[in-house]
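Colleague: I would like a close look at one part of this model, the protein surface around the DNA. Please begin with the charged pairs elsewhere in the chain, then work through the contacts to the strands in turn.

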Amino acid sequence: MRERIVAAIRKIPRGKVSTYGAVARAAGYPGAARQVVRALHTSMGLPWHRVLGVGGEIKLRGDSAFEQRLRLEAEGVTFRGRRVNMSQHEFKFPRPKATRKR
DNA sequence: AGGGTGACGATCA
DNA sequence: ATGATCGCCACCC
């Protein structure tokens with residue numbers, strides 16, 4: 001499970017972002033947002049700064065939150081108040097299931 | 001084996 | 001909008 005979550009996180013391209021819940025769904029575990037958090041903690045080398053809370057909100061506190069914002073802005077991600085402009089930067093994972101015709 | 005814990009999310013006051 | 005609560009669930013004592 002952690003592997004699948006990690007794999008999903010790795011797919012988020014530079015300049016794009018996603019959310020804990022969306023990553024969980026993309027990995028095939030809807031509702032496992034907390035496990036996404038665990039993966040981010042226990043796995044290194046991930047683009048951790050590209051994972052946000054629902055609505056594009058940074059869920060970290062203190063300095064970490066500041067650093068995350070800086071990293072994102074450095075990749076060209078724009079903010080609207082405290083949130084990321086999701087309409088513009090949210091990464092859409094390829095359909096696990098599919099609108100793939102048959 | 002059992003209880004506490006979260007970089008969450010949805011809902012309600 | 002902010003804060004509390006509840007549901008969730010693998011992980012860590």
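**Charged pairs and the DNA surface**

Modeller: Arg50 has a relative accessible area of 11%, so this residue counts as buried (buried is under 20%, exposed over 50% and partly exposed in between, with a 1.4 Å probe and protein chains only). This is a predicted model, in which local features need pLDDT of at least 70 and side-chain atom pairs pLDDT 80 or more, while totals for chains, interfaces and linings use all residues. Residues are numbered from 1 along each chain, chains are lettered from A and ligands numbered from 1 in the order written, and side-chain values use heavy atoms, without hydrogens or water.

The partner of Arg50 is Glu75: the two form a salt bridge in which the closest N and O atoms are 2.7 Å apart (a side-chain nitrogen of Lys or Arg within 4 Å of a carboxyl oxygen of Asp or Glu). The bridge links distant parts of the chain, as Glu75 sits in the loop between α4 (63–74) and β3 (79–80) and Arg50 in the loop between α3 (33–42) and β2 (51–52), 25 residues apart. Helices here are DSSP runs of H or I with at least four residues, strands runs of E with at least two, numbered from the N terminus. Glu75 is also buried, at 15% relative accessibility.

The whole structure has 4 salt bridges. Among them is the pair of Arg71 and Glu67, whose closest N and O atoms are 2.8 Å apart. These residues are about one helical turn from each other because they are 4 residues apart in helix α4. Unlike the buried Arg50, Arg71 is partly exposed, with a relative accessible area of 35%. Glu67 is partly exposed too, and its relative accessible area is likewise 35%. Another of the bridges joins Lys92 to Glu90, with 3.7 Å between the closest N and O atoms. In this pair Lys92 is exposed, at 62% relative accessible area, whereas Glu90 is partly exposed, at 25%.

Now the DNA, beginning with strand B. The residues around DNA strand B are Tyr20, Gly21, Ala33, Arg34, Val37, His41, Trp48, Gly53, Val54, Lys59 and Leu60 (a residue is near a strand if one of its heavy atoms lies within 4 Å of it). Helices α2 and α3 each supply at least two residues of this surface, and α3 gives the most, with 4 residues. By class, the surface near DNA strand B holds 6 nonpolar, 3 polar and 2 charged residues; nonpolar covers Ala, Val, Leu, Ile, Met, Phe, Trp, Tyr, Cys and Pro, charged covers Asp, Glu, Lys and Arg, and the others, Gly among them, are polar.

On the DNA side, sugar or phosphate accounts for 42% of the strand B atoms within 4 Å of the protein, and bases for the rest. Several polar contacts (pairs of N or O atoms within 3.5 Å) can be named. With its side chain, Tyr20 places a polar atom 3.0 Å from a base nitrogen of DNA strand B. Gly21 meets the backbone of the DNA instead: one of its backbone N or O atoms lies 3.2 Å from a phosphate oxygen of strand B. Val54 also uses a polar backbone atom, which is 3.0 Å from a phosphate oxygen of DNA strand B.

DNA strand C is surrounded by Met1, Arg34, Gln35, Arg38 and Arg82. Of these residues, 1 is nonpolar, 1 polar and 3 charged. In strand C, 53% of the atoms within 4 Å of the protein belong to sugar or phosphate, the rest being base atoms.

Arg34 is listed around both strands. Its side chain has a polar atom 3.3 Å from a base oxygen of DNA strand C. Gln35 brings a polar side-chain atom to 3.3 Å from a sugar or linking oxygen of DNA strand C. The side chain of Arg38 has an N or O atom that is 3.3 Å from a sugar or linking oxygen of that strand.

To put the named contacts side by side, Tyr20 reaches a base of strand B and Arg34 a base of strand C. Gly21 and Val54 pair with phosphate oxygens of strand B, while Gln35 and Arg38 pair with sugar or linking oxygens of strand C.

Methods: A polar contact is a pair of N or O atoms within 3.5 Å; within protein, one must be able to donate a hydrogen and the other to accept it, and residues adjacent in sequence count only if both atoms are side-chain atoms.
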